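Trainee: Could you go through this model with me before I head back to the bench? I would like to know how it is built and how far to trust it.

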Amino acid sequence: MVEWIGPRHTNFPDGSVCAYHPVLDKAWSPGDDLCVLLDIYSVWALRHLHLAVLDRWPGRQYAMLDELGQSDPYYRLTQFKEAELCSCGSNRRYGECCRPHDLKHPFLSILQAFKRRNSGRGILDRAPPGKVTASVAQSGRNAPPPISEVHDLLRAHIAGSGNLLVTRV
Ligand SMILES: [Zn+2]
């Protein structure tokens, strides 16, 4: 049985790995060195193992932003563990830093605000792109879909600039 490694450092809502984010990360672009991509995958998978075993992500957390450009309290409350480094840059644990402030928000209102900003989608809707999941479930009988077909942000970026070389990975 194939299982998704997990949602940390994946894009919302399609669950694609953050390394592909064409604006924020620029860690890897289609056509770049595949060894670099494999290194990114390996470190990401190892960090998920760290989370599974030690119950906290190694390193600072990053949160989606709210309408004011601040870390979204709903995102932090549902995604961060108390022992993880806070997203505000304080070098303190989330539980001892911004979590008490986040808890002061009425939960339903921050949930609804999050869904309003994200086309009615909740954080639990995040999952790998369906075409990728289907390809994996076929156990390699089908070629994986081109990244431009499954990555919403990259596709939008390509449509906007038109100057990225897209290859199969
Ligand atoms: Zn903080």
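Mentor: We can take the overall build, then the core, a few single residues and the confidence.

Trainee: Fine, what kind of secondary structure does it have?

Mentor: This is a predicted model, and in it the protein has seven helices and zero strands, so that reading from the N terminus the order is simply α-α-α-α-α-α-α.

Trainee: And which domains are assigned?

Mentor: The domain assignment gives domain 1, made of 10-54 + 128-169, and domain 2, covering 59-123, and the C-alpha centres of domain 1 and domain 2 lie 24 Å apart.

Trainee: How does the radius of gyration fit a compact globule?

Mentor: It agrees, because a compact globule of 169 residues would come out near 15 Å and the protein has 17 Å. Along the principal axes, the C-alpha trace spans about 50 × 35 × 30 Å.

Trainee: How much of it is buried?

Mentor: Of the 169 residues, 18% count as buried. As for how the chain comes together, 50% of the contacts between residues at least 6 apart in sequence join residues at least 24 apart.

Trainee: Which residues make up the largest nonpolar core?

Mentor: There are eight of them: Val17, Ala19, Tyr20, Trp28, Val132, Ile147, Val150 and Leu154. Trp28 is worth selecting in your viewer, since leaving aside residues up to four places away in sequence, Trp28 touches Ala19, Tyr20, Val36, Leu37 and Ile40.

Trainee: Switching to helix H1, how does its reach compare with what is expected?

Mentor: H1 has 21 residues and reaches 30 Å from its first C-alpha to its last, close to the 30 Å expected at 1.5 Å a residue. Just after H1 comes Asp55, with a positive phi of about 65°, a positive value in a residue other than glycine.

Trainee: Is Asp55 buried or exposed?

Mentor: Asp55 lies in the loop between H1 and H2, and it counts as exposed because it has 11 C-beta neighbours inside 10 Å.

Trainee: Where else is there a positive phi near 65° in a residue other than glycine?

Mentor: Asn91 has one; Asn91 sits in the loop between H2 and H3, and it is exposed, with 9 other C-beta atoms within 10 Å.

Trainee: Which residues does a cis peptide bond join?

Mentor: That bond joins Phe12 and Pro13, with omega about 5°, and Pro13 belongs to the segment before H1.

Trainee: I was also looking at Ser109 and Gly69; how far apart are they in space?

Mentor: Their C-alpha atoms are 17 Å apart, with the two positions 40 residues apart in sequence numbering. Ser109 is in helix H4, residues 107-117, whereas Gly69 is in the loop between helix H1 and helix H2. Ser109 counts as exposed because it has 11 C-beta neighbours inside 10 Å, and Gly69 counts as exposed because it has 6.

Trainee: Last topic, then: where is the confidence lowest and where is it highest?

Mentor: The mean pLDDT of the protein is 84, and 91% of its residues reach 70 or more. Confidence is lowest in helix H7, residues 152-161, at a mean of 73, and highest in helix H3, residues 99-102, at 97.

Trainee: Over which residues does pLDDT stay under 50?

Mentor: That is residues 163-169, for which the model nevertheless has 17 contacts beyond four places in sequence. Where pLDDT is low, the predicted coordinates should not be read in detail.

How values were computed. Residues are numbered from 1 along each chain as its sequence is written. This is a predicted model: local features need pLDDT of at least 70, side-chain atom pairs count only at pLDDT 80 or more; totals for chains, interfaces and linings use all residues. Domain bounds come from an automatic or database domain assignment. Helices (H or I, at least four residues) and strands (E, at least two) are DSSP runs, numbered from the N terminus. The radius of gyration is taken over C-alpha atoms; the globule rule is 2.2 Å times the number of residues to the power 0.38. A residue is buried if 20 or more other C-beta atoms lie within 10 Å of its own, exposed if 12 or fewer, and partly exposed in between; C-beta atoms are placed from the backbone. Two residues are in contact if their C-beta atoms, placed from the backbone, lie within 7 Å. A nonpolar core is a set of buried Ala, Val, Leu, Ile, Met, Phe, Trp, Tyr and Cys residues joined through C-beta atoms within 7 Å. pLDDT is the predictor's confidence in each residue, from 0 to 100. The expected span of a helix is 1.5 Å times one less than its number of residues.
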